[in-house]
Amino acid sequence: MSAGWRRAVTNLAAGAIGAGIARAVQRQLTADPPGGRQRWERINYRGGTVTLAAGPAMALGAAAGAALAPGTSARMRVAGAVVAGTAGVVGLYDDLAGSSASKGLGGHLTALRHGQVTSGAVKIAVLGAAGLAGAAVVSDDPLDVLVGGAAVAGHANLLNLLDLRPGRAIKVALLHTPVALRGPAAGLAAAGVGAATAVLPADLGEKSMLGDAGANALGAALGLAMVAREGRAARLVHLGAVTALTLASERVSFTRVIEKTPVLRELDRLGRRRHDDAVRP
């Protein structure tokens, strides 16, 4: 079997593991959510009720799939499981215990200046630490660890910023999956994509949502997979791109930009329930 076919088979296997676990976890959380249904229910952008079940299902699928990914080194599997799992746990903490009083990077930093440690600030710090831990596994130089770790954390945060409409974050992830599915950490990306694919129907159908847990875990898994194959220059470009988009989100509504761009608007609405989409930030 050629190297290309072997890589494709191992990626499919990692994706299948991630998808199977995510589907099982989502089914269990939907049927019997810990603490009762009300704790896990949220109101979406249209005023409908959805569950957060897709988030931890996505995170567990990505983490477990990474840990079991065939054709991937043991160190890489551990790094992927830790990064995706940590991003999912801290994201779920923000989903269940967080407050919406402070929003965005600017809001959390402003709260910190006033002596208030928000759940979002905790999440940023933990994502940064997880990103550094993952980057340390795939880097030989301290500077590369710092740049790579920041890129992984930024990637996790960016996917979460995009999770404002059903299926949007997963579609963005799928668009850059071909880049992530190459290199020594391809199995990590495949596990994340498999898990994301498993929860996508419920996300598009407005029955469940990724929330911080799912979007952060997916972004972290893909971010680490990309950093693992990038040299310093590419990592700097990667970090610059996620930083620029994050800063732009503080001033510009991604939803408004998408709605005003025909190609992006149609892609964003693809597979979603048909209804009149009010444009909200």
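Here are some numbered comments on this predicted model, starting with one helix and working outwards.

1. Let's begin with helix H10, which covers residues 186-204. How far apart should its ends be? With 19 residues at 1.5 Å a residue, H10 should span 27 Å, and its end C-alpha atoms are 26 Å apart, so the expected and computed values agree.

2. H10 does have a bend in it, though. Look for a kink of about 35° at Ala198. The proline Pro201 comes shortly after that spot.

3. Is H10 mostly covered or mostly uncovered? Mostly covered: 17 of its 19 residues are buried. Keep that in mind for the next point, where a residue of H10 turns up again.

4. Now for the nonpolar core. The largest one has 56 residues, and Val199 is among those with the most contacts inside it, along with Met58, Ile170, Leu210, Leu218, Leu222 and Leu224. Which helices build this core? At least two residues each come from H1 (3-31), H3 (54-68), H4 (74-97), H7 (142-162), H8 (168-175), H10, H11 (211-229) and H12 (232-249).

5. Val199 is a nice one to click on. If you skip its neighbours within four places in sequence, Val199 is in contact with Ala22, Gln26, Ala54, Ala57, Met58, Ile170 and Leu210. Three of these names, Met58, Ile170 and Leu210, also appear among the core residues with the most contacts.

6. Just past H10 you'll meet Glu206, which has a positive phi, near 60°. The side chain of Glu206 also forms a salt bridge with the side chain of Arg46, at 3.0 Å from N to O. Glu206 sits in the loop between H10 and H11, while Arg46 sits in the loop between strands S1 (41-43) and S2 (49-51), so this pair ties together parts that are 160 residues apart in sequence. Are the two partners buried or exposed? Glu206 counts as buried because its relative accessibility is 7%, under the 20% cut-off. Arg46, at 34%, counts as partly exposed.

7. The structure holds 9 salt bridges. Another of them joins Lys123 and Asp94, with the closest N and O atoms 3.7 Å apart. This pair links distant parts of the chain, since Lys123 is in helix H6 (residues 119-137) and Asp94 is in helix H4, 29 residues apart. Lys123 counts as buried at 4% relative accessibility, and Asp94 counts as buried at 14%. There is a third member to find here: Asp94, Lys123 and Asp212 are linked in a network of salt bridges.

8. One more salt bridge is worth a look, between the side chains of Arg269 and Glu259, at 2.8 Å from N to O. Arg269 belongs to helix H14 (residues 262-269) and Glu259 to helix H13 (residues 254-260), and the two are 10 residues apart. Arg269 counts as partly exposed at 24% relative accessibility, whereas Glu259 is buried at 12%.

9. Finally, go back to helix H4, where you'll find Gly85. Why does Gly85 count as buried? Its relative accessible area is 19%, and buried means under 20%, so Gly85 falls on the buried side of the cut-off. Which residues touch Gly85, leaving aside its neighbours within four places in sequence? They are Ala63 and Gly80. You can also check the C-alpha atoms of Gly85 and Ala64: they are separated by 8.3 Å, with the two residues 21 apart along the chain.

Technical notes:
Residues numbered from 1 in each chain as written. Predicted model: local features only at pLDDT ≥ 70, side-chain atom pairs only at ≥ 80, totals over all residues. Heavy atoms only, no water. Helix = DSSP H or I, 4+ residues; strand = E, 2+ residues; numbered from the N terminus. Expected span 1.5 Å × (residues − 1). Bend = angle between axes of the 7 residues up to and from the residue. Buried < 20%, exposed > 50% of the residue type's maximum accessible area, 1.4 Å probe, protein only. Core = buried A, V, L, I, M, F, W, Y, C linked by side-chain atoms within 4.5 Å. Contact = heavy atoms within 4.5 Å. Salt bridge = Lys/Arg side-chain N within 4 Å of Asp/Glu carboxyl O.
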